[in-house]
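Reader: I would be grateful for a close look at a single part of this model, set in the context of the whole chain. Please treat the loop that deserves attention in one connected account.

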Amino acid sequence: MTDFIRFFVPLYFILFFLISFVGISYKVAKQIGKNPNVLPKDDSAYGLVGFYFKLMLFALFIYTILILIFPKDIFSACKIIFLEHNLFQYIGLGLMIIALIWVIIAQFQMKNSWRIGIDNTMKTDLITHGLFRFSRNPIFLGMTVSLVGFFLVVPTVIALTFLLIGSILMQIQIRLEEEYLIKEHGQIYLAYKNRVKRMLSRY
């Protein structure tokens, strides 16, 4: 199982990044004539959140490469022993695969409204169909599930840290986007917000 995981994990996150960020962003950029990556690079609080997002993705990439090169050392370092079971790893692998498919579907349903960050220069449509009927933030939900799956596959304190930090950053980003969507779509968004949960809960 260890040999499979050492190759699966880095390949998974490389595919996740290439499909869900590079591929979708390229497709949307061609259609709207601009880069959909609108995360700020300034010294604002929002810019800081964006910086930490990028830093976490870089650290996650390095960690997965270390899993590939030094699997025994990584699996044994800071491991959470009671989660070290094949059943949990199979569940984690399933969650990661489902999360990737879920995120890709949600991104395609967003069409030209897909952005990495908040676009203050171009009005985007409010998407409420498809997966957005069940969650206002299905992409963040999928990303969270993928990190949960990763933690079950690689049950270490480091993987848990990625899950916790990633969840905090996503919750901050969600609230920043909500403030923007209230200004942009007013009562339409408020009605949608009252009807549909943030991810799996109201919080």
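Author: For the charges discussed here, Lys and Arg count as positive and Asp and Glu as negative, while His and the chain ends are not counted. The model is a predicted one. On that basis, the protein chain carries 20 positive and 11 negative charges, and the mean positions of these two sets lie 7 Å apart.

The part to examine is the loop between helix H4 (86–110) and helix H5 (138–153), where Asp 119 is found. Asp 119 has a relative accessibility of 4% and therefore counts as buried, since the cut-off for that class is under 20%. Its side chain reaches the backbone nitrogen of Met 122 at 3.3 Å. When neighbours within four places in sequence are set aside, Asp 119 is in contact with Lys 34, Val 38 and Tyr 180.

Lys 111 lies in this loop between H4 and H5 as well. Lys 111 has a relative accessibility of 54% and so counts as exposed, the threshold for that class being over 50%. The phi angle of Lys 111 is near 55 degrees, a positive value in a residue other than glycine. A positive phi also occurs at Cys 78, again a residue other than glycine, with a value near 60 degrees. Cys 78 belongs to the loop between helix H3 (71–76) and H4, and its relative accessible area of 45% makes it partly exposed.

Beyond the loops, Gln 171 has its place in helix H6 (residues 157–195). With 22% relative accessibility, Gln 171 counts as partly exposed. Gln 171 is separated from Gly 149 by 22 residues in sequence and by 19 Å in space, C-alpha to C-alpha.

The setting of these residues is a protein chain with six helices and zero strands, its elements running α-α-α-α-α-α from the N terminus on. The radius of gyration of the protein chain is 18 Å, which agrees with the value near 17 Å that a compact globule of 203 residues would have. The C-alpha trace spans about 50 × 30 × 30 Å along its principal axes. Of the 203 residues, 46% count as buried. Among contacts with a separation of 6 or more, 80% are accounted for by residues 24 or more positions apart. The accessible surface of the protein chain comes to about 11,100 Å², and 70% of this surface belongs to carbon and sulfur atoms.

Note on methods. Residues are numbered from 1 along each chain as its sequence is written. Side-chain values use heavy atoms; hydrogens and water are left out. Helices (H or I, at least four residues) and strands (E, at least two) are DSSP runs, numbered from the N terminus. Buried means under 20% relative accessible area, exposed over 50%, partly exposed in between (1.4 Å probe, protein chains only). A polar contact is a pair of N or O atoms within 3.5 Å; within protein, one must be able to donate a hydrogen and the other to accept it, and residues adjacent in sequence count only if both atoms are side-chain atoms. Contact means heavy atoms within 4.5 Å. The radius of gyration is taken over C-alpha atoms; the globule rule is 2.2 Å times the number of residues to the power 0.38. Accessible areas come from the Shrake-Rupley method with a 1.4 Å probe; for residues, only the protein chains shown count as cover. The place of a charge is taken as NZ of Lys, CZ of Arg, CG of Asp or CD of Glu.
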